[in-house]
Amino acid sequence: MPVSWRTRKIHTSTPADLVIVGLGNPGDCFVGTRHNVGVEVVALLAQRCGQVLRKTSEAALVAEAKVDERRVVLAFPQTFMNKSGESVRLLVRRWNIAGCLERLVVVHDELDLPPGCIRIKYGGGLAGHNGLISIRTHLRSAEFTRIRIGVGKPSSTGTLSAGTGADYVLQHPGRADREMLDDAVARSAEAALALLDEPLDAVMNKFN
């Protein structure tokens, strides 16, 4: 991931057309883990747009890109997963989308989906995901768009303790799962940008 640690303040008043937030944990030891697949989507989009993620005062690595004259903000909170909402609240305020949270797209790992499967949804339950719970707490709303990337579960029984789940998502996947996740990251990036031009239902029908 191209990263510059130079802090910059970005001043804006016009609402961004899309704010895409990839959830994960900062630090080299978390790169490539299941929990950081959302970050990989943001990093891929930044690379494709020729932008560099830079640390900002919103406690995030951020890049702003123009996509067909639309403003797209790409962000990776640096607050660790369970405090993601602290950064997302600042991002929403900075890019002036508090009154239009449908422009917020959160990309995250999902234990309840098979590896490589992606699902797009708006609002709804959070399935115990600590990053999403933090965002809902700080925004006082769960009415934002989510791109869920399946990472599967650590056992074939379908049972999963909280401790086991936490250990599993912090691990690096094996080669077969990694290939499926790489494909899911690429499709998720495509789906996120499709939201600029297509209604949510159309994007869901196309990618789900």
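Two strands pair if DSSP finds at least two bridges between them. The legends below describe a predicted model.

**Figure 1. The hairpin of strand 3 and strand 4.** Strand 3 (residues 53-56) and strand 4 (residues 60-67) are joined by three bridges and run in the antiparallel sense. Across this pairing, Arg54 is placed opposite Val62 of strand 4. Three residues separate the two strands of the hairpin, and Ala59 adopts a positive phi near 55 degrees there.

**Figure 2. The loop between strand 4 and strand 5 (70-77) at Asp68 and Glu69.** Asp68 is not a glycine, yet its phi is positive, at about 50 degrees. Glu69, also not a glycine, has a positive phi of about 70 degrees. Because exposed means over 50% relative accessible area, Asp68 qualifies with 59% and Glu69 with 67%.

**Figure 3. Overall composition of the protein, as context for the close-up views.** The protein contains six helices and eight strands, which follow one another along the sequence in the pattern β-β-α-β-β-β-α-β-β-α-β-α-α-α. Of its 208 residues, 51% are buried. When contacts between residues at least 6 apart in sequence are considered, 72% of them join residues at least 24 apart. The exposed surface of the protein is about 9,400 Å², with 49% supplied by carbon and sulfur atoms.

**Figure 4. Ile147 of strand 8 and His108 of strand 6.** Strand 8 spans residues 145-150 and includes Ile147; strand 6 spans residues 104-110 and includes His108. The C-alpha atoms of Ile147 and His108 lie 6.5 Å apart, although 39 residues separate the two in sequence. Ile147 counts as buried because its relative accessibility is 0%, and His108 counts as buried because its relative accessibility is 0%. Leaving aside residues up to four places away in sequence, Ile147 touches Val105, Val106, Val107, His108, Arg119, Ile120, Ser188, Ala191 and Ala192. With the same sequence neighbours left aside, the contacts of His108 include Leu23, Val37, Gly38, His129 and Leu132, as well as Arg146, Ile147, Arg148 and Ile149.

**Figure 5. The buried face of helix 3 (residues 130-139).** The buried residues in helix 3 are Gly131, Leu132, Ser134, Ile135 and Leu139. Viewed down the helix axis, the buried residues of helix 3 fall within an arc of 160 degrees, so they line one face of the helix. The buried residues of helix 3 pack against helix 2 (84-94), strand 6 and strand 8. Arg140 follows helix 3 and has a positive phi near 55 degrees.

**Figure 6. Ile149 and the nonpolar cores.** The largest nonpolar core has 36 residues, of which Ile20, Leu74 and Ile149 touch the most other members. Apart from the largest core lies another core, of 24 residues, with Cys100, Leu101, Leu132 and Ile135 among them. Not counting residues up to four places away in sequence, Ile149 touches Val37, Val41, Val107, His108, Asp109, Glu110, Cys117, Ile118, Leu181, Ala184 and Ser188.

Note on methods: Residues numbered from 1 in each chain as written. Predicted model: local features only at pLDDT ≥ 70, side-chain atom pairs only at ≥ 80, totals over all residues. Heavy atoms only, no water. Helix = DSSP H or I, 4+ residues; strand = E, 2+ residues; numbered from the N terminus. Buried < 20%, exposed > 50% of the residue type's maximum accessible area, 1.4 Å probe, protein only. Contact = heavy atoms within 4.5 Å. Areas by Shrake-Rupley, 256 points an atom, 1.4 Å probe, with all protein chains shown as cover. Arc of directions from axis to C-beta. Core = buried A, V, L, I, M, F, W, Y, C linked by side-chain atoms within 4.5 Å.
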